[in-house]
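Biologist: I am new to this structure and would like a close look at a single part of it, with the surroundings explained step by step. Could you choose one region and walk me through what can be said about it?

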Amino acid sequence: MLVLLNDNYYHLRPFKGFKMSRLSLNILIIISFLALVACSAEPSGRESAGLNTISLQSAPDQGASQSEITEINGPVIVYSSRQEHLIKPLFDRFTAETGIKVQYQTGEEGPLIARLQAEGEQTFADILYTVDAGNLWSAAEKGLLAPIDSEILEHNIPDHLQDPLNRWFGLSVRARTIVYSTERVNPAELSSYTALANPQWQGRLCLRTSRKVYNMSLVATMIERLGETETQEVVEGWVSNLATRVFSGDAQLIEAIAAGQCDVGLVNTYYLGQLQAQNPDIPVALFWANQNSSGVHVNISGAGVTTYAKNRAGAVQLIEWLSTAEPQYLFSDLNLEFPANPDVSPVDLVASWGDYKQDTLNVEAAGRLQADAVMLMDRADYR
Ligand code: FE
């Protein structure tokens with residue numbers, strides 16, 4: 001199976017119905033392949049052809065031959081924008097429990113989605129697993145994901161964290177909220193995303209670049225909640241309150257608050273968790289925004305089954321399994337995120353931030369309004 005995969009990765013051909021010249025398609029595939037290799041820190045050898053394998057740890061039937069096992073329980077192949085250390089422990093556990101192998105390719109979401117699109121029906125990917133509803137929405141809009149009809153997923157994953165057309169499901173929750181200096185800010189001064197535009201925060205606010213999808217999604221949901229005019233006023237207020245130029249990462253932003261460069265900012269909570277795990281005394285704390293109104297902006301990591309999946313049954317089984325208690329806890333353990341399944345509690349560090357009200361607006365708004373959010377942030381001079 002793996003040999004076949006490797007061969008085909010080097011001999012990808014245009015497929016029927018794809019309106020693109022053979023030369024352009026080959027160039028696109030080469031570009032997306034190079035981008036993937038550049039983005040994923042994977043070892044050489046077999047993996048350099050594109051896929052990592054998690055070995056079969058317990059065969060379902062000791063009497064079955066290898067070829068029978070492959071036929072009954074062929075591997076599930078995942079294209080993942082999540083890093084290997086965040087997915088491998090989960091896939092290992094799944095393989096140990098079910099006997100189904102998982103192979104995966106990691107890379108940046110843009111090149112992964114472009115690759116899936118270029119491969120069309122020739123793709124080996126059964127699952128696309130990525131972060132941010134905006135990315136999943138865009139893959140679904142390109143026709144790359146097929147709906148899943150699953151009682152298990154409908155039961156385990158709340159409605160606002162799944163595609164209304166069931167082409168993708170959230171598997172972990174990422175909350176984007178306010179962080180503040182415990183030395184210079186009284187949390188009683190804080191309330192909402194909108195209030196960070198007030199003159200009170202002049203020269204005290206830090207933001208990550210508007211080019212990061214997390215901020216596109218936050219502003220997209222603000223457009224849905226508040227409308228364009230009010231959202232633009234808020235974003236302009238943020239920009240006028242900036243203490244310094246925008247950061248390329250959330251962790252740098254938190255460190256800037258700790259260092260005294262600014263007093264408040266907006267981040268995904270797991271970045272604070274990672275820094276707190278290294279330094280429990282870091283003088284930065286988290287504040288749950290919008291608790292008296294719409295709730296904290298949440299986004300997801302999530303997955304969908306590809307339109308041309310060769311192992312659709314195995315793919316659905318893996319996504320369903322990921323929505324159950326043990327893997328849901330592991331998401332929180334591995335990356336300090338919140339379980340998407342509300343019946344599962346997160347790890348202690350994450351639980352220590354306290355309960356909060358989530359915005360229950362469907363996260364698909366992050367994709368649907370992404371282009372509007374980008375244009376709005378541009379008009380507001382948010383770089
Ligand atoms: Fe992140």
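Modeller: What follows is a walk around one helix, H16, and the segment after it, with a short look at two other places for comparison of backbone and burial. Please keep in mind that this is a predicted model, and that the values below are computed from it.

Helix H16 spans residues 370-379, and its partner in this account is helix H8, which covers residues 213-226. The axes of H8 and H16 come within 8 Å and cross at roughly 100°; because angles from 65 to 115 degrees count as roughly perpendicular, the two helices are described as roughly perpendicular to each other. On the H8 side the residues that meet H16 are Met216, Val219, Ala220 and Ile223, while H16 contributes Gln370, Asp372, Ala373, Val374, Leu376 and Met377. Sorted by class, this contact has eight nonpolar residues, one polar residue and one charged residue.

Moving on from H16, one arrives at aspartate 381, which lies in the segment after that helix. Its phi is near 65°, a positive value in a residue other than glycine, and this deserves attention because most residues other than glycine have a negative phi. Aspartate 381 counts as exposed, because it has 11 C-beta neighbours inside 10 Å and the cut-off for that class is 12 or fewer.

Aspartate 381 also links this segment to helix H9, residues 228-241, where valine 239 is found. Apart from its neighbours within four places in sequence, valine 239 is in contact with Ala380, Asp381 and Tyr382. Valine 239 is partly exposed, with 18 other C-beta atoms within 10 Å, and its C-alpha lies 9.4 Å from that of glutamine 202, although the two are 37 residues apart in sequence.

A second aspartate with a positive phi, aspartate 132, has a value of about 80° and sits in the loop between strand S4 (127-131) and helix H6 (133-141). Aspartate 132 counts as buried, because 24 C-beta neighbours lie inside 10 Å, whereas aspartate 381 counts as exposed.

Burial can also be followed along a whole helix, and H5, residues 109-119, is largely enclosed by the rest of the structure, because eight of its 11 residues are buried. Among these buried residues are Pro111, Leu112, Ile113 and Leu116, and also Glu109, Arg115 and Glu119. Just after H5, glycine 120 takes a positive phi of about 50°.

Terms used: Residues are numbered from 1 along each chain as its sequence is written. This is a predicted model: local features need pLDDT of at least 70, side-chain atom pairs count only at pLDDT 80 or more; totals for chains, interfaces and linings use all residues. Helices (H or I, at least four residues) and strands (E, at least two) are DSSP runs, numbered from the N terminus. A residue is buried if 20 or more other C-beta atoms lie within 10 Å of its own, exposed if 12 or fewer, and partly exposed in between; C-beta atoms are placed from the backbone. Axes are lines fitted to C-alpha atoms, for helices over the stretch in contact, and angles run from 0 to 180 degrees between N-to-C directions. Angles under 35 degrees count as roughly parallel, over 145 as roughly antiparallel, 65 to 115 as roughly perpendicular and the rest as oblique. Two residues are in contact if their C-beta atoms, placed from the backbone, lie within 7 Å. Ala, Val, Leu, Ile, Met, Phe, Trp, Tyr, Cys and Pro count as nonpolar, Asp, Glu, Lys and Arg as charged, and the others, Gly among them, as polar.
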